[in-house]
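Visitor: I would like to learn how to read helix packing and pockets in a model. Could you take me through one?

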Amino acid sequence: MSTTRPYSPGDRGPESGDGGASGLSGDGVSVSGPVAPTADGVSVTVSAGDAGVRSVGRSVRRLSFEGESGVVPLARDFARQALHAWGWLPAAGADRRAAAEDVLLVVSELVTNACLHAEGPDELRISCDNKVLRVEVSDRGTGQPAPRTPHRAGRPGGHGMFIVQRLCLDWGVVRAPGVAGKTVWAELGAPA
């Protein structure tokens, strides 16, 4: 179901903090500030969520797209690395494998939408606790994402937000007052 709520029920909003936040990575390793660049030169920030705002034990990973090209495969690789760190991959069974593939598809769709309908993505943030994985893609666009209605499976294009709507527990858009752009978020249930 699509929503106009900026956050899912019981959620108080996106996690606070800057790119230099300190915390724990998904594997419990203490990380302070940006992680060293990955093999492809992308700087990644890993932090734990603010326990005062979000549930304790929430792991957060951020990827800035500034100056990057090929952002959709970059985002998928980044999400895949996060899923490995959080134990979603390698998947032990078909249900866990399907859950991980759903996350990768949602990441691809949200980043692609930012490329096609906004001025490109600024940042990808993925956070996870033991129940919910949240994907957030920030961009400078002014549009309002929505599934194309009526949805026609045979028509090329226009399936991105329909896919997000079908795969996710909930999704929405956050706009900061006085700031150009938006953050599109989607939440998926963690595998059992």
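Visitor: Which residues in α2 meet which residues in α3?

Guide: Keep in mind that this model is predicted. To read a helix contact, list the residues on each side. From α2 come D102, L105, V106, E109, L110 and N113. They meet G160, M161, I163, V164 and L167 in α3. Then sort them by class: seven are nonpolar, two polar and two charged.

Visitor: At what angle do the axes of α2 and α3 cross, and how close do they come?

Guide: Look at the axes next, then at the hand. The axes of α2 and α3 come within 9 Å and cross at roughly 145 degrees. The crossing is left-handed.

Visitor: How do α1 and α2 cross?

Guide: Take the same steps again. Helix α1 spans residues 71-85 and helix α2 residues 94-117. Their axes come within 9 Å and cross at roughly 150 degrees. Angles over 145 degrees count as roughly antiparallel, so α1 is roughly antiparallel to α2. This crossing of α1 and α2 is right-handed.

Visitor: Which residues make the contact of α1 with α2?

Guide: On the α1 side they are V71, V72, A75, R76, A79, R80 and L83. On the α2 side they are A100, E101, V103, L104, L105, V107, S108, V111, T112 and C115. By class, twelve are nonpolar, two polar and three charged.

Visitor: What is the peptide bond from L89 to P90, cis or trans?

Guide: Read omega for that. The bond from L89 to P90 is cis, with omega near -5 degrees. P90 lies in the loop between α1 and α2.

Visitor: How much space lies in the largest pocket?

Guide: For a pocket, take the volume, then the lining. The largest pocket holds about 380 Å³ of space. It is lined by 22 residues, and N113, H117, P145, A146 and M161 are the closest to its centre.

Visitor: Which elements each supply at least two residues of that lining?

Guide: They are α2, β7 (132-139), α3 (160-167) and β9 (182-189). The largest share, seven residues, comes from α2.

Visitor: How many residues of the pocket lining are nonpolar, polar and charged?

Guide: Sort the lining as we sorted the contacts. Nine residues are nonpolar, nine polar and four charged.

Definitions and conventions. Residues are numbered from 1 along each chain as its sequence is written. This is a predicted model: local features need pLDDT of at least 70, side-chain atom pairs count only at pLDDT 80 or more; totals for chains, interfaces and linings use all residues. Side-chain values use heavy atoms; hydrogens and water are left out. Axes are lines fitted to C-alpha atoms, for helices over the stretch in contact, and angles run from 0 to 180 degrees between N-to-C directions. Helices (H or I, at least four residues) and strands (E, at least two) are DSSP runs, numbered from the N terminus. Angles under 35 degrees count as roughly parallel, over 145 as roughly antiparallel, 65 to 115 as roughly perpendicular and the rest as oblique. A crossing is left-handed if the near helix is turned anticlockwise from the far one by less than a right angle, and right-handed if clockwise. Contact means heavy atoms within 4.5 Å. Ala, Val, Leu, Ile, Met, Phe, Trp, Tyr, Cys and Pro count as nonpolar, Asp, Glu, Lys and Arg as charged, and the others, Gly among them, as polar. On a 1 Å grid over the protein atoms alone, a cavity is a set of points where a 1.4 Å probe fits but cannot get out, and a pocket is an open set with protein on both sides within 12 Å along at least five of seven lines; lining residues have an atom within 4 Å of a point. Grid points are joined across faces, edges and corners, and a volume is the space filled by probe spheres set on the points.
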